[in-house]
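Hi everyone, thanks for coming. I've got one structure for today, and I'd like to walk you through it piece by piece. Have a look at it first, and then we'll start.

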Amino acid sequence: MAEGQSDTFWKSLYIYFNEMDFESQLFVKRIYKIVILTVAIISFIIAFFLERFSVCVYSTIGASVLCILVLAPAWPMWKKNQPNWQQANWQKQK
């Protein structure tokens with residue numbers, strides 16, 4: 001790739017993975033908390049009856065990894081409510 005194309009590629013990749021609107025951030029946070037808490041409670045009960053604490057630990061870690069893979073990237077479904085930002089003062093003067 002040429003110099004300018006490389007910069008454009010990395011900039012678009014950064015925006016794709018880091019630009020999520022505020023409402024979606026709150027929604028993702030709620031989903032993450034609900035999933036982790038539910039899995040932790042259920043796995044604790046199962047681990048208690050099986051008398052194996054590792055079941056609780058591994059299932060909670062697995063749920064955390066799954067949530068991170070699904071919820072952390074800024075997928076297009078998390079970009080529906082983009083805020084309308086005002087232009088900066090230096091952009092208005094031009």
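Before I use a database record, a word on what it is: UniProt annotations may be inferred rather than shown by experiment, and the positions I'll quote follow the numbering used here. Also keep in mind that what you're looking at is a predicted model.

So, what does the record say? For "transmembrane region", the UniProt entry, which is unreviewed, lists residues 31-50 and 55-75. Let's see what the model does in those two stretches. Over residues 31-50 the chain is 100% helix and 0% strand, with 28 Å between the end C-alpha atoms. Over residues 55-75 we get 81% helix, again with 0% strand, and the end C-alpha atoms are 31 Å apart.

Okay, zoom out. The protein has four helices and zero strands. Reading from the N terminus, the order of elements is simply α-α-α-α. There are 94 residues in the protein, and 17% of them count as buried. Now take the contacts between residues at least 6 apart in sequence: 70% of those join residues at least 24 apart.

Let's go through two of the helices, starting with α2. It covers residues 22-50. Here's a little check you can do yourselves. At 1.5 Å a residue, the 29 residues of α2 should span 42 Å, and the end C-alpha atoms of α2 are indeed 42 Å apart, so the two agree. Which residues of α2 are buried? Those are Ser24, Val28, Ile36, Ser43 and Ala47. And part of what covers them is α3.

One more residue in α2 before we move on: glutamine 25 sits in this helix. Glutamine 25 is partly exposed, because its relative accessible area is 38%. Its C-alpha atom is 9.6 Å from that of lysine 79, even though the two are 54 residues apart along the chain.

What comes after α2? Glutamate 51 does, with a positive phi near 60°. Why bring that up? Most residues other than glycine have a negative phi. Glutamate 51 isn't a glycine, yet its phi is positive. You'll find glutamate 51 in the loop between α2 and α3. Is it buried or exposed? Its relative accessibility is 73%, so glutamate 51 counts as exposed.

That brings us to α3, residues 53-71. Do the same check: at 1.5 Å a residue, its 19 residues should span 27 Å, and the end C-alpha atoms are 27 Å apart, so that agrees too. The buried residues in α3 are Cys56, Thr60, Ala63, Ser64, Cys67 and Leu71. Where do they sit around the helix? They cover an arc of only 100° around the axis, so they are on the same side of α3. On the other side of α3, Tyr58, Leu66 and Leu69 are exposed. And the cover over the buried residues includes α2.

Threonine 60 lets us look at that cover in detail. It belongs to helix α3. Leave aside its neighbours within four places in sequence, and threonine 60 touches Ile36, Val39, Ala40 and Ser43. Two of those names came up earlier: Ile36 and Ser43 are among the buried residues of α2. There's also a distance to note here: the C-alpha atoms of threonine 60 and phenylalanine 44 are 9.3 Å apart, with their positions 16 residues apart along the chain.

Now, α3 has two cysteines on its buried list, Cys56 and Cys67. Cysteine 56 has a relative accessible area of 10%, so it is buried. Cysteine 67 is buried as well, because its value is 6%. How many disulfides are there? A search of the whole structure finds zero.

Last stop, the aromatic rings. A pair of rings is described by the distance of the centres and the angle of the planes. How many aromatic pairs does the count give? It comes to one. The partners are phenylalanine 48 and phenylalanine 49: their ring centres are 5.6 Å apart and their planes are at 80°, so the pair is edge-to-face. The cut-off behind that step is that planes over 60 degrees apart count as edge-to-face. Phenylalanine 48 is exposed, because its relative accessible area is 58%. Phenylalanine 49, at 65%, is exposed too.

That's my tour, so over to you for questions.

Methods
Residues are numbered from 1 along each chain as its sequence is written. This is a predicted model: local features need pLDDT of at least 70, side-chain atom pairs count only at pLDDT 80 or more; totals for chains, interfaces and linings use all residues. Side-chain values use heavy atoms; hydrogens and water are left out. Rings of Phe, Tyr and Trp (its six-membered ring) pair if their centres lie within 6.5 Å; planes under 30 degrees apart count as stacked, over 60 as edge-to-face and the rest as tilted. Buried means under 20% relative accessible area, exposed over 50%, partly exposed in between (1.4 Å probe, protein chains only). A disulfide is a pair of cysteine sulfur atoms within 2.5 Å. The expected span of a helix is 1.5 Å times one less than its number of residues. The arc is that of the directions from the helix axis to the C-beta atoms. Contact means heavy atoms within 4.5 Å.
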